[in-house]
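Colleague: Before we discuss this structure, may I put some questions to you about its local features? Please give your reasoning in each case.

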Amino acid sequence: MFSDEAVPASLIERLIAVAHSAPSEANRQPWRFVAVNDPALKREIRLAAEAEERENYGHRFPPDWLEALAPLGTNADKPFLEISPWLVVPFRIDWEEIDGRRVQNYYPAESIGIAAGMFLMACHQVGLATLTHTSSPMKFLREILGRPANEKPYLLIPVGYPAPDCTVPDLPKKPVSEVFAVEPAAVTDHLVVMALARFALAYPHARARRCRRRRPRPGTQNGRRSLSYPLQSPAF
Ligand SMILES: Cc1cc2nc3c(=O)[nH]c(=O)nc-3n(C[C@H](O)[C@H](O)[C@H](O)COP(=O)(O)O)c2cc1C
C-alpha cells in the first residue's frame with residue numbers, strides 16, 4: 001500500500017523528463033504525461049475506475065483471466081487511487097495536427113511503452129513505489145482530465161512512497177535462462193573465437209605466402225623468411 005506522504009511536483013517533473021528522453025519512431029515523442037495530485041480529481045478517477053472494474057470482475061473478464069488474477073488477490077476496490085499522492089497518466093498520441101495537417105505517428109505503442117517503462121524505473125531509483133494499473137476501458141481518464149480526442153490513456157500509474165507497514169506479494173520471476181536466448185545457441189561465441197584464432201594464426205602464413213610469390217631474395221628460402229620471420233600475430 002502507498003503512503004500518503006507528499007512527493008514534490010518538481011520530483012515528478014524530473015521523473016517525467018527521464019521518461020521523455022525515451023527513443024521514439026522518427027523522434028515524434030507520441031506521448032503526454034499528465035500528473036494529478038488534486039484530491040477531488042483523484043476521487044473522481046477512483047470512482048470511475050472502480051465502476052469499470054466492477055463490470056470487469058463482475059462479467060467482462062473471462063474465467064481464465066479471473067483465474068490468472070486470483071493469486072494476486074486483486075478486486076474492484078482501488079483505494080490506492082486516492083491514497084497515493086500522485087496519479088500519472090501517460091497518454092498515447094497516435095496522430096497529431098502539425099501545420100494544420102493531420103500527421104500519423106508510427107509505432108506509438110512501442111514508443112510510449114519504452115517511455116512508460118523508463119518512468120517506472122526512474123521512480124524506483126528514487127525510492128518511490130508505482131503500480132502499473134489498467135482499469136480497461138480507460139477512456140474516462142480522457143474525459144475527466146479534459147484531454148483531446150487524439151490522446152489515448154495508456155496506463156494509470158499511482159506514484160508515492162510505500163507505506164511503512166506495507167506488504168507486497170512475493171512474486172517469483174521465470175529464470176532468466178527461460179526468457180533469454182543467444183542465437184545460434186552457443187555457436188556465436190565459438191565462431192568468434194575460432195575466427196580470431198584463425199586470423200591470429202594465419203596472418204604470418206599469409207605474409208609468408210605473399211613472400212613465396214616474390215622472387216627469392218638473399219636470406220630467404222624459396223621466398224619464405226626463415227629464422228628472422230616474426231611469428232607473433234599483430235596486436236588487434
Ligand atoms: C500492462 C499492465 C497492466 C497491469 N494492470 C494492473 C491492474 O489493473 N491492477 C493491478 O493491481 N495490477 C496491474 N498490473 C500489475 C501486475 O499485476 C504486476 O506487474 C505483476 O503481477 C508483476 O508484479 P511486479 O510488478 O511486482 O513484478 C499490471 C501490469 C502491467 C504490465
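Colleague: The model is predicted. Which residue of strand β5 stands opposite Val-159 in β7?

Modeller: Strand β5 covers residues 129–130 and pairs with β7 in the antiparallel sense. Two strands count as paired with at least two bridges, and here there are 2 bridges. The residue opposite Val-159 is Thr-130.

Colleague: Which residues of strand β7 point the other way from Ile-157 and Val-159?

Modeller: In a regular strand the side chains alternate between the two faces of the sheet. Strand β7 spans residues 157–160, and the four residues are buried. Ile-157 and Val-159 point one way, and the other way point Pro-158 and Gly-160.

Colleague: Which residue stands opposite Pro-158 in β7?

Modeller: Strand β2, residues 86–93, runs antiparallel to β7 and is joined to it by 3 bridges. Opposite Pro-158 stands Leu-87.

Colleague: What distance separates the end C-alpha atoms of helix α1?

Modeller: Helix α1 comprises the 12 residues 9–20. At 1.5 Å a residue, α1 should span 16 Å. The end C-alpha atoms agree with this, as their separation is 16 Å.

Colleague: Around how wide an arc of the axis do the buried residues of α1 lie, and what do they pack against?

Modeller: The buried residues of α1 are Ile-12, Leu-15, Ile-16 and Ala-19. They lie on the same side of α1 because they cover an arc of only 100° around the axis. On the other side, Ser-10, Glu-13, Arg-14 and Ala-17 are exposed. The elements packed against the buried residues of α1 are β1, β2, α5 and β7.

Colleague: How many residues of the shell around the ligand are polar?

Modeller: The ligand is surrounded by Leu-72, Thr-74, Leu-131, Thr-132, His-133, Thr-134, Ser-135 and Leu-171. The shell has no charged residues and 3 nonpolar ones, and the number of polar residues is 5.

Colleague: Is Asn-27 buried or exposed?

Modeller: Asn-27 is found in the loop between α1 and β1. Although not a glycine, Asn-27 has a positive phi of about 55°. Asn-27 has 7 C-beta neighbours inside 10 Å and therefore counts as exposed.

Colleague: Which residue does a cis peptide bond join to Glu-183?

Modeller: The omega of this bond is about -10°. The residue concerned is found in the loop between α7 and α8. The cis bond joins Glu-183 to Pro-184.

Methods
Residues are numbered from 1 along each chain as its sequence is written. This is a predicted model: local features need pLDDT of at least 70, side-chain atom pairs count only at pLDDT 80 or more; totals for chains, interfaces and linings use all residues. A residue is buried if 20 or more other C-beta atoms lie within 10 Å of its own, exposed if 12 or fewer, and partly exposed in between; C-beta atoms are placed from the backbone. A residue is near a molecule or strand if its C-beta atom, placed from the backbone, lies within 6 Å of it. Ala, Val, Leu, Ile, Met, Phe, Trp, Tyr, Cys and Pro count as nonpolar, Asp, Glu, Lys and Arg as charged, and the others, Gly among them, as polar. The expected span of a helix is 1.5 Å times one less than its number of residues. The arc is that of the directions from the helix axis to the C-beta atoms. Two residues are in contact if their C-beta atoms, placed from the backbone, lie within 7 Å.
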